[in-house]
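Colleague: Thanks for sharing this one. Could you take me through a single part in some detail, and then the charged pairs?

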Amino acid sequence: MEQDRAALLAALALQSDWGADEALEEAPPDRSRAPARDPAPLDLRDNAAPGPRAPAARAVASAVPAAHAAAPLAARAAIGAAAADSLAALRDAIAAFDGSSLRETATNLVFADGAPEAGLMMIGEAPGADEDRLGRPFVGQSGQLLDRMLASVGLSREDGVYITNILPWRPPGNRTPTDAEIALFLPFVLRHIALVRPRHVVLLGGVSAKALLRAKDGITRLRGRWHQVEVEGIGTLPMLATLHPAYLLRTPAAKRDAWADLLLLRRTIDAAPSPG
Ligand code: URA
């Protein structure tokens, strides 16, 4: 008995080490039984008639234009992003984009938070567990630090900042996003920027900085200065790379650099002519 318990605890610890820290099902599947036949796909229409459901699902699938369904993933992402003409449409396009397995493991889409008209857009890496649960970016520990950092230079997400991430879905176990995932979602991020039309962009951490500055350098080389970045549809935008709040939580000595970056941001905003 005691041995079983120890083995179970060891297996649990191993899963946690691997990042399998979220249950995907309400109840654990019983894998000791013979596999059941595949259930019919769920029909989520309010007035769905009872009975066999597979034909309805097939009708929906065949309504997708064949050329679009067959296009490479990157092209499908680019087409979906470019077609979005509002933030709501972009959110819907990301939610509908099924080209990433992250959508299957995440609980909620994390699109954005804050004030899109503020003129300042911040872009982080990817949602963590708290963000995934609540569907809002930067609501966990690093989000709380970010809010305090913003407040220290007179900014808040209520009216002064609009916040999003490179990835809209949480990578399982908070692993670092892969290059392929970043490249796949980049068209959505660029379209997001083009729709918001911020006057300044702050890139939080190395993943975001490297993706948008198309740089190979690490964040310590990229941070602390403005980079001029061409964004399709709106022209050149100033982007400031800085350290990620999660890194600051692990490395308090780096807060000094982050503070210098925030002061640079504040000075630049204050010096910018107010939009007329
Ligand atoms: N870290 C990020 O980069 N984004 C979030 O939304 C939360 C934590």
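Colleague: Along strand β5, which side chains are buried and which are not?

Modeller: Happy to. A word on the basis: this is a predicted model, in which local features need pLDDT of at least 70 and side-chain atom pairs count only at pLDDT 80 or more, while totals for chains, interfaces and linings use all residues. Residues are numbered from 1 along each chain as its sequence is written, and side-chain values use heavy atoms, with hydrogens and water left out.

Now to β5, which covers residues 226-231. Its side chains alternate: His-227, Val-229 and Val-231 point to one face and are buried, whereas Trp-226, Gln-228 and Glu-230 point to the other face and are not. Buried here means under 20% relative accessible area, exposed means over 50%, and partly exposed is in between (1.4 Å probe, protein chains only). Strands (E, at least two residues) and helices (H or I, at least four) are DSSP runs, numbered from the N terminus.

The partner of β5 is strand β6, residues 235-242, and the two pair in the antiparallel sense over six bridges; strands count as paired if DSSP finds at least two bridges between them. Glu-230, one of the side chains that are not buried, has Thr-236 as its bridge partner in β6. Three residues lie between the strands of this hairpin, and Gly-233 in the turn has a positive phi of about 100°.

On to the charged pairs. Side chains of opposite charge can pair when their charged atoms come close. A salt bridge here is a side-chain nitrogen of Lys or Arg within 4 Å of a carboxyl oxygen of Asp or Glu, and by this rule the count comes to ten.

One of them joins Asp-98 and Arg-76, at 2.3 Å from N to O. Asp-98 sits in the loop between α5 (87-96) and α6 (102-105) and Arg-76 in helix α4 (residues 73-83), so the pair ties together parts 22 residues apart in sequence. Asp-98 is partly exposed at 43% relative accessibility, while Arg-76 is buried at 15%.

Another salt bridge links Arg-266 and Asp-270, at 2.8 Å from N to O. These two are four residues apart in helix α13 (residues 255-271), about one helical turn. Arg-266 is partly exposed at 25% and Asp-270 is exposed at 51%.

Finally, a network of salt bridges links Asp-113, Arg-136, Asp-147 and Arg-157.
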